[in-house]
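Here are my notes on this one, written as a few numbered points. Keep the 3D view open while you read, and click on each residue as it comes up.

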Amino acid sequence: MADNNRNQLLVPGAENAVNKMKEEIANEFNVELGADTTARENGSVGGEMVKRMIKYAEEGMTGNNKH
């Protein structure tokens, strides 16, 4: 049977880092996250988070840790 919670964080303490990144990006984009914000605005923050996490992972694989 498949795991129903696909968003489960596997690294202890990662939740704090993810939340910090989310808040930083929301501030950069001048987006106040929440139910009263449009899906497009909330989604822009999530999309940027994914882009940055991929960038960090790629840099980690190549040894280019510049962030």
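1. Let's start with Asn30, which is exposed because its relative accessible area is 70%, over the 50% cut-off for that word. Asn30 sits in the loop between α1 and α2. Have a look at its backbone too: phi of Asn30 is near 55°, a positive value in a residue other than glycine. As background, most residues other than glycine have a negative phi. Do keep in mind that this is a predicted model.

2. Now zoom out. How many helices and strands does the chain have? There are two helices and zero strands. Helix α1 covers residues 14-28, and helix α2 covers residues 39-62. Of the 67 residues in the chain, 16% count as buried. The chain exposes about 5800 Å², and carbon and sulfur atoms supply 50% of that area.

3. Next, how the helices meet. The axes of α1 and α2 are 9 Å apart, and the two helices pack at an angle of about 120°. That angle falls outside the ranges for roughly parallel, roughly antiparallel and roughly perpendicular, so α1 and α2 are called oblique to each other. Their crossing is right-handed. On the α1 side, the contact is made by Val18, Met21, Lys22, Ile25, Ala26 and Glu28. On the α2 side, Val45, Glu48, Met49, Arg52, Met53 and Tyr56 take part. Sorted by class, this contact of α1 with α2 has eight nonpolar, no polar and four charged residues.

4. Pick out Ala26, in helix α1. Is Ala26 buried or exposed? Its relative accessibility is 1%, so Ala26 counts as buried, the cut-off being under 20%. Leaving out residues up to four places away in sequence, Ala26 touches Val31, Leu33 and Val45. Val45 is also one of the α2 residues in the helix contact. Try checking a distance as well: Ala26 and Asn42 are 16 residues apart along the chain, and their C-alpha atoms are separated by 8.3 Å.

5. Two charged residues deserve a click. Glu48 is in helix α2, and Glu48 counts as buried because its relative accessibility is 18%. Which residues is Glu48 in contact with, leaving aside its neighbours within four places in sequence? They are Ile25 and Phe29. Ile25 is itself among the α1 residues that make the helix contact.

6. The other one is Arg52, also placed in helix α2. Arg52 has 18% relative accessibility, so it counts as buried. Not counting residues up to four places away in sequence, Arg52 touches Met21, Ile25 and Glu28, and these three are listed on the α1 side of the helix contact. Arg52 and Met21 are 31 residues apart in sequence, while their C-alpha atoms are 9.3 Å apart in space.

7. One last number for the chain as a whole. Take the contacts with a separation of 6 or more: residues 24 or more positions apart account for 28% of them. The pair Arg52 and Met21 is handy to look at here, with its 31 residues of separation in sequence and a contact between the two.

How values were computed
Residues are numbered from 1 along each chain as its sequence is written. This is a predicted model: local features need pLDDT of at least 70, side-chain atom pairs count only at pLDDT 80 or more; totals for chains, interfaces and linings use all residues. Side-chain values use heavy atoms; hydrogens and water are left out. Axes are lines fitted to C-alpha atoms, for helices over the stretch in contact, and angles run from 0 to 180 degrees between N-to-C directions. Helices (H or I, at least four residues) and strands (E, at least two) are DSSP runs, numbered from the N terminus. Angles under 35 degrees count as roughly parallel, over 145 as roughly antiparallel, 65 to 115 as roughly perpendicular and the rest as oblique. A crossing is left-handed if the near helix is turned anticlockwise from the far one by less than a right angle, and right-handed if clockwise. Contact means heavy atoms within 4.5 Å. Ala, Val, Leu, Ile, Met, Phe, Trp, Tyr, Cys and Pro count as nonpolar, Asp, Glu, Lys and Arg as charged, and the others, Gly among them, as polar. Buried means under 20% relative accessible area, exposed over 50%, partly exposed in between (1.4 Å probe, protein chains only). Accessible areas come from the Shrake-Rupley method with a 1.4 Å probe; for residues, only the protein chains shown count as cover.
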